[in-house]
Amino acid sequence: MRRSILRSAGTRWLAAAVVAGTALGGTTAAAHAEPKPQRELPSSGCEADLPPERKPIPGNPLDLLPRLPDRLSIPLPYPRILPVPEPAPEKPVVRIPSEPPPKDPCSDPCPDITDPPKPKPGAGGPALSLEFPKITLDPAPKNIPVPVPNPNPPPLPPRPAKVNPGVDAGPVAPKPTPPRVSGLEWVGTVTGQGSTSRTDKRWQINGTDLGIMWEAEPDKVAIVFGDTFGKGFRPPGANGRDWRSNVLGFSSDKDLSDGLFIDTMIQDSRCHAAELLSARRIDHYEITVIPTSGFAVGDRQYMSYMSVRTWGEIPGLWLTNYGGLAYSDDGGSTWVKDSYARWDNIFGVSQFQVSSMVPKGDHVYMFGTPNGRIGSVGVARVHRDHILNKTAYQYWRDGKWVPARDGNAASVIIGGPAGEINVRYDESTDRWQMTYLDAFRGAIVLRKAREPQGLWSEPSELVHSSKYAQLYGGFMHPWSAGEDLYFTLSTWTDYNVSLMRARVR
């Protein structure tokens, strides 16, 4: 409600300024001049977040041309042997208390950090000339990573004792009718400039994606993002400085009709969101570590993630090292990547590289695909007491829950292409819901089922790429209720996250 009032007040202020400027002009011509079109305020409701208007220089025809970049770099690739110590050295973890939202939501808490640099004195104004960018030759090493022993390896915890979960029946339930989806609407910007929470000003999150959510506590939702960039970010795509593989925030916002407000984020310095799960940052070895889902059991938070070896050259196809599990016992401030709860990617085709995990009853269910966005979906489950013990997992295969050493033992419950699946259990309808990107259809789709193993309904289209180009994600908010399904949507064109709402019957 506070954000709605702020946006309404800002709009009224802009309108009043136009009217006042006309009324006080002092001449008949001014009184009858065309009013200046008012600019719609962004999701933050802050006039300061409006992009600057470009004012043309009178009589300068060059001002009509697109602006050239200040610098063009020509990469000069060369091979370089890069020793990589294994196991990875431990990195120091720095945390500061999360900063609460500012009393004035449009104030800048760290202008010294986030404001752009001021023009240098004597730089002069624009000239009637076309300035060409500076061209530089930049050496660009192509690393050839070679593992070497770490002389000071961090201690490893003992491997968990082997568990035999046995074989249980897992019959499928009748296939439900497809969900009826209507009334799709964009609600607000979650990240980047002008976002509801002003993530660029409060945590130096200028560009990011995903927005995976789970209920961390009864009145708190965790929301985790993927590769995140600060200064220097310019859409489209993932780019810029201050690269963090993942960042985590918390929201208590239960009125999502005017946007998703993030209260706090895990921080490592003033106005800066911390990276949670470290990555080696070495292409063709481990370029990044991306969260795929999260859940809470008791006081412990869990996060599934994928260790990405390389993004590759074809969009939607990437190669992972493994899919893994991490946990936090301090409310999400620090995380431990478990050494044994990993599903290795054998020959690049292993299942459960990209997973979505959901607790229900005595079990936690793990839905997973191979790496990329074209694989099929399988499902496994584990008792809540043995989440980090791989030997305790049962994989659904041909109507039974069976233990197996290899996740590929799981039967296909949904055929591909399925990209970055997200699953939740909806208490209000007693149905499972699954969203994912269907790359062939070019849309994020929604399915439902009575049991996690299915049968799953036919897909219904949530949002199509014809409306939001280069879309992906589609992660459901855990507090969606009734016919309102709220979900986050990422687009490569903006490389930021939006909150969407659809009516599902």
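**Sheets and surface of a predicted model**

The accessible surface of the protein in this predicted model comes to about 25,400 Å², with 57% of that area belonging to carbon and sulfur atoms.

User: How many helices and strands does the protein have?
Analyst: Let's start with the overall picture. Buried residues account for 47% of the 505 residues. As for secondary structure, the count is four helices and 26 strands.

User: In the open sheet with the order β4-β26-β25-β24, which strands stand at the edges, and why is one side of each left without a neighbour?
Analyst: This sheet has four strands with antiparallel pairing. Two of them have just a single partner strand each, so one side of each has no neighbour in the sheet. Those edge strands are β4 (181–189) and β24 (471–476).

User: Which residue in β26 stands opposite Glu185?
Analyst: Look at where β4 meets β26 (residues 496–504): the two run antiparallel and are joined by six bridges. Across from Glu185, in β26, you'll find Arg501.

User: What is the average turn between neighbouring strands in the sheet β20-β21-β22-β23?
Analyst: That's an open sheet of four strands, paired antiparallel. Its edge strands, β20 (419–426) and β23 (460–464), each pair on one side only. With direction ignored, neighbouring strands are turned against each other by an average of 20°.

User: Which residue in β21 stands opposite Asp426?
Analyst: Start from β20, which is joined by six bridges to β21 (residues 431–438), the two running antiparallel. Opposite Asp426, in β21, stands Arg431.

Key. Residues numbered from 1 in each chain as written. Predicted model: local features only at pLDDT ≥ 70, side-chain atom pairs only at ≥ 80, totals over all residues. Heavy atoms only, no water. Pairing = 2+ DSSP bridges. Buried < 20%, exposed > 50% of the residue type's maximum accessible area, 1.4 Å probe, protein only. Areas by Shrake-Rupley, 256 points an atom, 1.4 Å probe, with all protein chains shown as cover. Axes fitted to C-alpha atoms, helices over the stretch in contact; angles between N-to-C directions.
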